[in-house]
Amino acid sequence: MHIPDNFLSPPVWATLDAISVPAVGLMVRQAGRDLDDARIPLLGVMGAFVFAAQMINFPVGVGTSGHLVGGTLLACTLGPAPAVLVMTVIIAIQAFVFQDGGVLALGANVFNMAVIGVLAGYWPFHVWGATRHRAAIFAGAFLSVMVSGSLALGELRMSGVAMPRPLAVVSLALFAASAAIEGVITICVIQAIEKLNAGYVQKPRASNQRTLAVFSGAAIALGVVGFLVASAAPDGIQRLGIQMGLTAKTVLHAPLADYTTGSFLESAWMRRATAGLAGLLLIYAVCAATARWLVRRRSA
Amino acid sequence: MHHVLLERWSQRASPLHRRDARAKILALLVFLVVLATTPAGAGAILTTYAALLAAAILIARLPLSGIVSRSMVVLPFSLTFALISWLAGEPWRALALVEKSYLSTVAVLLVAGTTPLPLLLGGLERLGAPRLLVLVAQFLYRYLFVLSEQAQHMRLAAACRQGGATVRGRNGFRAASGALAVLFARSHERAEGVHRAMRARGFSGRFSLLHSQRFGARDGAFLLVVSAFLVLVRFG
């Protein structure tokens, strides 16, 4: 689900942009660390493969057909960090060339589908890939689609896009159905690929990447939060928003209560904007520092 | 196909085509941010922005009707949500959602239609995007057409073998996943071939562009004037 521009409210997309930039930066550095020259064209061609794969239809049920989304397939064949990189590129090209998803919302879409989607999709394979191969692949592909879908839904709702409860339930049910389809397609395709050449699929126990395991766990936790936000009663969030708005208002307005000049609204707006920017910088700094710390710890 | 048309548009010549990719990307960002913070119900501001976009399309010598119709890809999504907002008793919000999401799509299409993608990616790299990310994007875009065509050939071949009948259920699934696996293996082999060819030609680790991209005084002036106009319209 690619979110277009102007569906998310500025605080939501700006926060997700501030999180996605260092997260993708970390993944690009991880991918670049153990990448030889020969793999650079491979990553690009595999991204093109995911695009092309959408042309091959899988018969699903009565008269309908589905196609591969590909996050888990990429993670199982290229490794998680390169898969995040390739998915990020795919989402960016979809936004610029195909007008599928917004540019300001790029951070949100990359966060949902490339960062969280791929890591959540890789985690089961990382943990059970060696013993319960098929189940792990299915669980990964299912989680990948489900988690990114419910995150998108949660973000839309946080932005105040009207979404009655029945619609949210129906969307979640649709996500679950397409997640199950993605699971079955991914199993079939990976098994067919293994039949051609087992070397194409990663060995799950080959490397012990604890950072990635932690990240993937966090990704799934976030997905669960998104799911809860999406399925919670809408008044819950509205109440939270109103309460936070009220506190912000009392905190910001109290010292200014005596001023009744014409520029009052302007200055309040400026204040809110400045506070927002400061918050974003803080989030960006925390994410960037975490990323740097993770890289340093890994190389130490 | 859509991207072929976009490719043709971006090869034309106009004052907008000649601007540096960085100037266009930054102007696009200013436009999108200013548009995103415009409150619902500010019809005059949105009309001015629409007029500005229309003028830019004319200056870029792109077909107005083509851009207008291609930007409609966003409408199914935004109309659905607008309808819900409307039913929820927020007609202004619904209208703003449709208008703003449509205008942002037109703006992105305008930038993509006046900048060939390799130059756009080069601009992103100079603005600080990681080199590896940009490299992968260049490769992806280059082989997008090749692999899409290959997938279409495979689909055609499968249809021919089936003699027009559609295979459903388990067998159809197995056939499709086999086709994807073959496409996967071929892509892998193609990537190896590409790498060997690149090595043979002395690939240095970055793509060199035929047009030299220079951020000149005109690009700076363009960025400044557009941003000033946008901000003035929004806050003036």
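This is a short conversation about a predicted model of two chains, A and B.

Biologist: What makes up chain A?

Modeller: Chain A has 10 helices and 2 strands. From the N terminus on, the elements run α-α-β-β-α-α-α-α-α-α-α-α. Buried residues make up 46% of its 300 residues.

Biologist: Why is A:Asn6 called buried?

Modeller: A residue is buried if 20 or more other C-beta atoms lie within 10 Å of its own. A:Asn6 has 28 other C-beta atoms within 10 Å, so A:Asn6 is buried. A:Asn6 is found in the segment before helix H1 (10-33) of chain A. Its phi is positive, about 75°, although A:Asn6 is not a glycine.

Biologist: And why is B:Arg61 called partly exposed?

Modeller: B:Arg61 has 14 other C-beta atoms within 10 Å. Exposed means 12 or fewer and buried means 20 or more, with partly exposed in between. The value of 14 falls in between, so B:Arg61 is partly exposed. B:Arg61 sits in the loop between helix H4 (43-59) and helix H5 (64-70) of chain B. Phi is positive here too, near 55°, in a residue other than glycine.

Biologist: How do you know that helix H3 (residues 71-78) of chain A is largely enclosed by the rest of the structure?

Modeller: Count its buried residues. They are 8 of the 8, so helix H3 of chain A is largely enclosed. Among them are A:Gly71, A:Leu73, A:Cys76 and A:Leu78.

Biologist: Which helices do the buried residues of H3(A) pack against?

Modeller: They pack against helix H2 (39-53), H4, helix H5 (106-128), helix H6 (133-158) and helix H7 (165-196) of chain A. H3(A) is followed by A:Gly79, with a positive phi near 100°.

Biologist: What puts the largest nonpolar core between the two domains of chain B?

Modeller: First, the core itself. It has 154 residues, and those with the most contacts inside it are A:Leu85, A:Val86 and B:Val136. Domain 1 (2-115 + 212-235) and domain 2 (131-200) of chain B both give residues to this core, so it lies between them. The centres of these two domains are 34 Å apart, taken over C-alpha atoms.

Biologist: What is B:Val136 in contact with, leaving aside its neighbours within four places in sequence?

Modeller: B:Val136 is in contact with A:Ile40, A:Leu43, A:Gly44, A:Gly47, A:Leu85, A:Val86 and A:Val89. A contact needs C-beta atoms within 7 Å.

Biologist: How many residues of chain B are in contact with chain A?

Modeller: 67 residues of chain B are in contact with 56 residues of chain A. H10(B) gives the most to the side of chain B that touches chain A, with 20 residues. The residues of that side divide into 41 nonpolar, 20 polar and 6 charged.

Biologist: Which elements of chain A have the highest and the lowest mean pLDDT?

Modeller: Helix H4 (residues 80-97) of chain A has the highest, 93, and helix H9 (residues 234-253) of chain A the lowest, 45. Chain A averages 79, and 76% of the residues score at least 70.

Biologist: Where does pLDDT stay under 50 in chain A?

Modeller: One such stretch is residues 233-241, for which the model has 7 contacts beyond four places in sequence. Another is residues 243-265, with 6 such contacts. Where pLDDT is low, the predicted coordinates should not be read in detail.

Definitions and conventions:
Residues are numbered from 1 along each chain as its sequence is written. Chains are lettered from A and ligands numbered from 1 in the order in which they are written. This is a predicted model: local features need pLDDT of at least 70, side-chain atom pairs count only at pLDDT 80 or more; totals for chains, interfaces and linings use all residues. A nonpolar core is a set of buried Ala, Val, Leu, Ile, Met, Phe, Trp, Tyr and Cys residues joined through C-beta atoms within 7 Å. Domain bounds come from an automatic or database domain assignment. Two residues are in contact if their C-beta atoms, placed from the backbone, lie within 7 Å. pLDDT is the predictor's confidence in each residue, from 0 to 100. Helices (H or I, at least four residues) and strands (E, at least two) are DSSP runs, numbered from the N terminus. Ala, Val, Leu, Ile, Met, Phe, Trp, Tyr, Cys and Pro count as nonpolar, Asp, Glu, Lys and Arg as charged, and the others, Gly among them, as polar.
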